[in-house]
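Q: Could you take a close look at the charged side chains here, and then at the parts around them? I am new to this, so please go step by step and tell me how each label is decided.

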Amino acid sequence: EPFFYHTVHNYYFTGESLKIMAEKAGFKKTDVFYYHEFTFGNAVAWLKDKKAMGNISFECIGDQFDRQWSDYLEKSGQAYNVGAIIEKE
């Protein structure tokens, strides 16, 4: 896909790119994790207004749905944050 640079984000890493960098730096083990911190309302704002609006809450969407939304994004590697625990051996 074409590269899309967005000024809100000053970096672009994926779990795979973190693993490749660690491997090229000589590390032997890389465990990638994902963490999402925004509500489903933020995704709706992106779709509706084409801009981030932070953690928007809707009366018709409860906390449980927001937790499921975050869980889905984290498990599928689509979360806002990606990190890695990198070990020498």
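A: Let's start with Lys48: in this predicted model, Lys48 has a relative accessible area of 64%, and it counts as exposed because that value is over 50%. The side chain of Lys48 meets that of Asp49 in a salt bridge, with N and O 3.2 Å apart. Asp49 gets another label: its relative accessible area is 33%, so it is partly exposed.

How many salt bridges are there by this rule? The count is three, so let's visit the other two. One joins Asp71 and Lys75, at 3.3 Å from N to O. Both of these residues belong to helix H3 and sit four residues apart, which is about one turn of the helix. Lys75 is exposed, at 70% relative accessibility, while Asp71 is partly exposed, at 34%. The remaining pair is Asp31 with Lys29, whose side chains meet at 3.6 Å, N to O. Here Asp31 has a relative accessibility of 36% and is partly exposed; Lys29 also has 36% and is partly exposed.

Now for a charged residue without such a partner. Asp66 is found in helix H3, which covers residues 63–75. Is Asp66 buried or exposed? Asp66 is buried, and it has no salt bridge. Why does Arg67 not count as a partner? Arg67 is the nearest side chain of opposite charge, but it is 7.8 Å away, and a salt bridge needs a distance within 4 Å, so the pair does not qualify. Leaving aside residues up to four places away in sequence, Asp66 touches Thr39, Phe40, Gly41 and Ile61.

Two of those names, Phe40 and Gly41, lead us to helix H2. Phe40, Gly41 and Ala43 of H2 meet Phe65, Asp66 and Trp69 of H3, so Asp66 takes part in the contact between the two helices. Helix H2 spans residues 40–49, and its axis comes within 8 Å of the axis of H3, crossing it at roughly 75°. That makes H2 roughly perpendicular to H3, since the angle falls in the range from 65 to 115 degrees.

Between H2 and H3 there is a loop, and Lys50 lies in it. Lys50 has a phi near 60°, which is a positive value in a residue other than glycine. Lys50 is exposed, with 63% relative accessibility.

Another positive phi appears just after helix H1, where Gly26 has a value of about 95°. That brings us to H1 itself. Which residues of helix H1 (residues 15–24) are buried? They are Gly15, Leu18 and Ala22. These residues cover an arc of only 60° around the axis, which puts them on the same side of H1. Turn to the other side of H1 and you will find the charged residues Glu23 and Lys24, both exposed. The buried residues of H1 pack against two strands, E1 (29–35) and E2 (81–87).

As you look at the picture, try comparing two charged residues once more: Lys48 is exposed and takes part in a salt bridge, whereas Asp66 is buried and has none.

Definitions and conventions. Residues numbered from 1 in each chain as written. Predicted model: local features only at pLDDT ≥ 70, side-chain atom pairs only at ≥ 80, totals over all residues. Heavy atoms only, no water. Buried < 20%, exposed > 50% of the residue type's maximum accessible area, 1.4 Å probe, protein only. Contact = heavy atoms within 4.5 Å. Arc of directions from axis to C-beta. Axes fitted to C-alpha atoms, helices over the stretch in contact; angles between N-to-C directions. Parallel < 35°, antiparallel > 145°, perpendicular 65-115°, else oblique.
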